[in-house]
Amino acid sequence: NFTSIQLPRSVPFIYLMLLVFSTISVRVFIRNSYFYLKFQKRNPVVIYGAGDAGRQLKSLLENNLNYLTVFFIDDNDKLEGKSISGLKIFSFEEGIIQIKKFDIQTIILAMPSISLSRKKILFRKFEKHKLEIKDLPNLDKIIRGDKLLTDFKNISVEDYLDRDKIQPIPKLMYRNIKDKNVLVTGAGGSIGSELSKIILNCKPKTLILIDQSEFAIYNLQSQLVKLNKTNSTKVKYILGSVQNEKFIQNIFKSNKLDTIYHAAAYKHVPIIEENVREAMYNNIFSTLYLSKIAKNYKVKNFILISTDKAVNPSNYMGVTKRISELICQSISMQSKQTNFSIVRFGNVMGSSGSVIPLFKQQIEKGGPVTVTNKNVTRYFMTISEACELVVQAGAMSINADVFILDMGKPIKITNLAKKMIASYGLKPFYNKEKGDIEIIFTGLRKGEKISEELHLSKKIYKTSHPRIFRVKEEACNFEELSKTLEEIKRGCLINDFSLINILLKKSPINYKPT
C-alpha cells in the first residue's frame with residue numbers, strides 16, 4: 001500500500017529543491033540559447049571616447065542585435081584603467097593590443113565635438129591597423145526615434161581631407177538676401193539645392209527656385225518645407241528651362257527681383273563632350289538671356305557660379321563656363337544698376353557625378369575602384385562651405401569681380417581612393433600587389449586635365465574673408481563677344497562643330513582641347 005510506505009521527512013524538501021533547480025536550469029538554458037542565437041552574429045566594437053556620448057552610446061548598444069561593445073579607448077590619462085559598467089577603458093596603445101587580441105574590426109568614434117584636424121590625426125593612427133572607423137550618429141535623434149542605432153556611417157572623406165570650417169560672416173551672409181526677393185536657377189542640383197537651404201536660413205522675403213527637372217524640384221520642396229516652418233519667406237517652385245528666353249522674361253515681369261544666383265548648368269565633362277550643342281545652349285545662352293534681362297530689369301545683384309575648369313579650358317564644359325564669365329563681365333560694363341560677380345571653385349564633395357559617391361559604391365561592391373590617372377589631382381571642398389562662400393563673395397562684389405575660393409591644396413585622386421578604402425578597414429592595392437580592393441587606372445577621358453587651375457591672373461587680392469580672394473582678369477567688349485556668340489549659335493543650329501571649334505580657338509578664352 002502506497003500510504004503505508006515510510007519516507008524520510010527530508011525527501012519532500014529534496015524533491016522541492018530538485019524541482020526548483022530543474023525549473024530554473026531549463027529557463028536559464030532556454031534564455032541563454034535564445035540570446036546566443038540572437039547575439040552570436042553581433043559585431044564586436046570598441047567605443048573611442050569614454051565621455052558622456054560614449055557612455056550613452058554604450059547603454060544604447062546593450063540591447064542592440066548588431067553590435068557588442070567590448071571596451072573603451074580614451075586619450076584622457078585619468079580615465080585609463082577605470083571601468084564603465086564593467087567595461088575597461090584603455091589608452092590608444094593598450095587598446096590596439098586588445099583589438100588585435102579579440103580580432104575587432106570596427107571602432108565607433110563617440111566624440112561629437114571633436115575637431116576635423118583631430119579627426120584626421122585619429123584616422124591616420126587607425127589607418128595603419130586596418131580598422132573600419134564609424135562615426136557616431138545623432139543620439140538625440142535615435143532617442144526620439146528619428147534615426148536607427150544601426151545608422152552608423154563610415155568616416156567621410158570630408159572629415160579627414162577638409163579644413164576646420166570657418167564660421168560665416170553674418171553681415172555678408174544677409175546683405176543680398178535678408179528681406180529681399182531672391183532667384184536661384186538650377187535650384188534642384190547639388191549646388192543649387194544646398195544654396196537654396198542656406199538662402200532660406202538668411203530669411204529672404206521671397207525665394208524663387210527654378211529647375212527643369214520635376215523630380216529635382218519635388219525633392220527640394222520636401223526638404224525646404226521643413227526648414228521654412230518658422231520663417232515667413234514665400235517660396236515659389238517653378239518648373240522650366242533657363243534656355244527659354246520668354247520663360248525667363250515672364251518670371252522677371254511677375255517678380256521684383258533683388259538678387260540672382262545662377263547655378264543652372266550642365267557640368268559632367270564626358271557627357272558634355274558628346275552633347276556639345278545642348279551644353280552650349282544650356283550653359284552659354286541661358287547666361288546670356290538671364291544676364292541681359294537682369295540688366296534691363298535693374299536687378300541689384302547677379303552672381304554666376306563658375307568652375308576651375310573655366311581657366312585655360314581643355315573641354316567644352318570649361319569653355320561654356322569661361323564664355324559665361326565673359327558674358328557677365330561684358331554686360332557689367334553696360335550696366336550701372338546691376339552688380340555682376342563671378343565665383344569660381346573646384347569640385348565639391350558628394351555632388352552628383354563626384355568621384356566620392358562613385359568610389360563609395362565601388363568599395364561597397366568589393367571593387368575595383370577606378371581612377372583615370374595615377375597622378376591626377378583635383379581641388380575639393382564641402383558643398384555647404386562652397387555655398388556659404390558663394391553667398392559671402394557675392395556680397396563683396398564691385399563691378400564684375402571674379403572671386404576664387406581657398407580650396408586648400410589639390411588632392412591626388414589615387415590617395416583619395418586609398419584613404420576611402422582604408423576607412424572601410426580594407427587594404428588598397430594595384431600593380432598585382434596583395435590587398436582587399438584593387439585600384440585600376442583607366443586613362444584620362446576626353447577633355448580631362450591632370451590638374452586644374454583656379455585663376456588666369458597673377459594678381460590675387462585678399463578680401464575681408466580669409467577664404468575668399470579677388471582676382472583681376474581682362475574682360476572683353478560686349479559687341480565683339482556678341483558676334484562670336486551669334487556665330488556659335490549658327491554653328492549649333494546647323495550642327496557644324498568644326499565651325500564652333502574654329503570660333504572657340506579664335507576667341508579670347510585660351511581654349512586648348514585635349
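## A first look around this predicted model

Y15 is exposed, with 56% relative accessible area, since exposed here stands for over 50%, buried for under 20% and partly exposed for in between (1.4 Å probe, protein chains only). This is a predicted model, where local features need pLDDT of at least 70, side-chain atom pairs count only at pLDDT 80 or more, and totals for chains, interfaces and linings use all residues. Residues are numbered from 1 along each chain as its sequence is written, and side-chain values use heavy atoms, with hydrogens and water left out.

Back to Y15, which sits in helix α1 (residues 10-39). Helices (H or I, at least four residues) and strands (E, at least two) are DSSP runs, numbered from the N terminus. Together with L16, L19, V20 and I24, Y15 makes a nonpolar surface patch of about 500 Å². To be in a patch, residues need over 30% relative accessible area and no salt bridge; like charges are joined within 9 Å, and nonpolar side chains (Val, Leu, Ile, Met, Phe, Trp, Tyr) within 5 Å. A salt bridge, in turn, is a side-chain nitrogen of Lys or Arg within 4 Å of a carboxyl oxygen of Asp or Glu.

Now for the whole chain. It has 18 helices and 23 strands, and buried residues make up 50% of its 514 residues. The accessible surface of the protein chain is about 26,100 Å², with 53% of that belonging to carbon and sulfur atoms; these areas come from the Shrake-Rupley method with a 1.4 Å probe, and for residues, only the protein chains shown count as cover. Of the contacts (heavy atoms within 4.5 Å) in the protein chain with a separation of 6 or more, 75% are between residues 24 or more positions apart.

How far apart are the end C-alpha atoms of helix α12 (residues 276-296)? They are 29 Å apart, which agrees with the 30 Å that its 21 residues should span at 1.5 Å a residue; the expected span is 1.5 Å times one less than the number of residues. Helix α12 also bends by about 30° at F285, the bend being the angle between axes fitted to the seven residues ending there and the seven starting there. In α12, 16 of the 21 residues are buried, so this helix is largely enclosed by the rest of the structure. Just after α12 comes K298, with a positive phi of about 60°.

Several loops are worth a visit. Here are three of their residues side by side:

| Residue | Loop between | Relative accessibility |
|---|---|---|
| S91 | β4 (87-90) and α3 (92-102) | 14%, buried |
| T233 | α9 (214-227) and β10 (234-239) | 7%, buried |
| K203 | α8 (190-201) and β9 (206-211) | 41%, partly exposed |

Leaving out residues up to four places away in sequence, S91 touches I73, D74 and E80. On the same basis, T233 has contacts that include L200, K203, P204 and N228. The C-alpha atoms of T233 and D179 are 8.5 Å apart, although 54 residues separate them along the chain. K203 is not a glycine, yet it has a positive phi of about 60°.

One last stop: where is P368 found? P368 is in the loop between α14 (355-364) and β15 (369-371), and a cis peptide bond, with omega about 0°, joins G367 and P368.
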